[in-house]
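Please open the model in your viewer, with the sequence panel beside it, and follow the stops below in order.

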Amino acid sequence: MIKTLQKKFIATAMAAISILLLVLTGTINVANGLISARQTDEQLKMLAETEKLLMKQRGTPTESDDIPERSFLWPKEKHALRQGLFHPPMNEDMAMSLRFFIVCLNEQNKAIRKDVSRIAAVSADEAVSYAVRAVNAGKQNGYLEHFKYQILTDAEASENKTVIFLDVSGQFLSIVRVLVLSIIVAAVGWLCMLFFVMRLSKKAIRPIAQNIQKQRQFVTDAGHEIKTPLAIIQANIDAMELINGENKWSRNIRSQTTRLSGLMQNLLTLAKMEEENLVLTMERFSLSMLLEESISLFDEAAALKDIRVERQIGREIFICANEEYIRRLLSILLDNAVKYTSQSGTIRVVLKNADHTAILQVENTCECLPEVDAAKLFDRFYRGDSARTQKNGGYGIGLSAAYAIVKAHQGSISAKYPDGHTIVFTIKI
């Protein structure tokens, strides 16, 4: 229980930390991407406005306007661009460091002017090829490989198109670099937090662990203390009946002491199964024979309700387990079946072996199935009778003890409702 609680604490804490790191990493990278994109837009806008000024000065270009060297013209009105932490400065020096090229195409997509003086990685022919691809894409701006482009239309010759390409590989590299670094930092931070959470988890759950331990100790001590007065009461009832004979009062007292004795036995079993470092004495025995013996103990109780008990028990099925607790497990399941089987109903017990695993199924009919999921039947003190009357004699702890016994043997137990009037418990050990 304590280890399970510790694991859940670590899992919950690390889930919260993981979400926080994901949100922080995602926010940082999205913000960095948006800032880079905005900076690129401003640079491309500045180049476009500069080119418009140059186009006005040159007039309509001709095929002889192939200029190998291009002087950059900074528009005077752009000296006052926004600057700040999230708005990098845009000035003449920044503009001169940009890598770009410009191609002017006529109506037939033939280059009438090209300028590759500001980039060394792209030849004139490659620049024309990029421009043709951009114009054929049918968009005024967009991305082409690691370039961002914008298409301008000549005011005097509308059939001519000027395409400006800005190399944004540096911005892409910066975005990827920030992404990788943020992921590495987040991963290292996550591992560090996992180390600290694991180290502090024991201290964090110590008060809860102490309370659980006190509860277990209380149940164990109370169980052993109650055993003695119960035995005395039962002995006194036996003596009274020998002297005065049996009557309804003695029968009621005997019934309630038997009920309380069963409750304490299940509580002690449950407390024992949940002890830390529990070591069970395992031995190999015949589950088939033990099941036959256990069923025979409930034959009389089943006969009183006219219940038909069907058996399909495989022979020579052996398991390695603690025989005392497995006997208790069978008693709980059979007692539960007899209590909740409807009058003249049926109990079906099946034991088989599959892949070296013993599979036990206890199936019984009942008038009304619980209105909750079958898995809730293993909750402590759960009763299908919400009023918690003693109509069926149950006390809502038996199946919890059965669940603890199976889990202590590294097995599994489940319940299901195959139809509207049947419940099946399946145990695999």
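Begin by selecting Cys 192, which counts as partly exposed because its relative accessibility is 38%; here buried means under 20% relative accessible area, exposed over 50%, and partly exposed in between, with a 1.4 Å probe and protein chains only. Then move to Cys 320, which is exposed, with a relative accessible area of 54%. If a disulfide is taken as a pair of cysteine sulfur atoms within 2.5 Å, the count comes to zero.

Before going further, note that this is a predicted model, in which local features need pLDDT of at least 70 and side-chain atom pairs count only at pLDDT 80 or more, while totals for chains, interfaces and linings use all residues. Residues are numbered from 1 along each chain as its sequence is written, and side-chain values use heavy atoms, with hydrogens and water left out.

Next, select strand β5, residues 161–167; six of its seven residues are buried, so the strand is largely enclosed by the rest of the structure. Strands (E, at least two residues) and helices (H or I, at least four) are DSSP runs numbered from the N terminus, and two strands pair if DSSP finds at least two bridges between them. Add strand β1, residues 100–105, which runs antiparallel to β5 and is joined to it by six bridges; Leu 105 has Lys 161 of β5 as its bridge partner. Then add strand β4, residues 147–153, which pairs with β5 in the antiparallel sense over seven bridges, with Lys 148 standing opposite Leu 166 of β5.

Now show the aromatic side chains, where eleven aromatic pairs are found; rings of Phe, Tyr and Trp (its six-membered ring) pair if their centres lie within 6.5 Å, and planes under 30 degrees apart count as stacked, over 60 as edge-to-face and the rest as tilted. One of these pairs is Tyr 143 with Phe 172, tilted at 35 degrees between the planes and 6.0 Å centre to centre. This pair links distant parts of the chain, 29 residues apart, with Tyr 143 in strand β3 (residues 141–144) and Phe 172 in helix α4 (residues 169–244). Tyr 143 is partly exposed at 44% relative accessibility, and Phe 172 is partly exposed at 35%. Tyr 149 and Phe 165 form another tilted pair, 5.8 Å centre to centre with 45 degrees between the planes, and both residues are buried. To finish, select Phe 101, Tyr 130 and Phe 147 as well, since ring pairs link them with Tyr 149 and Phe 165 into a cluster.
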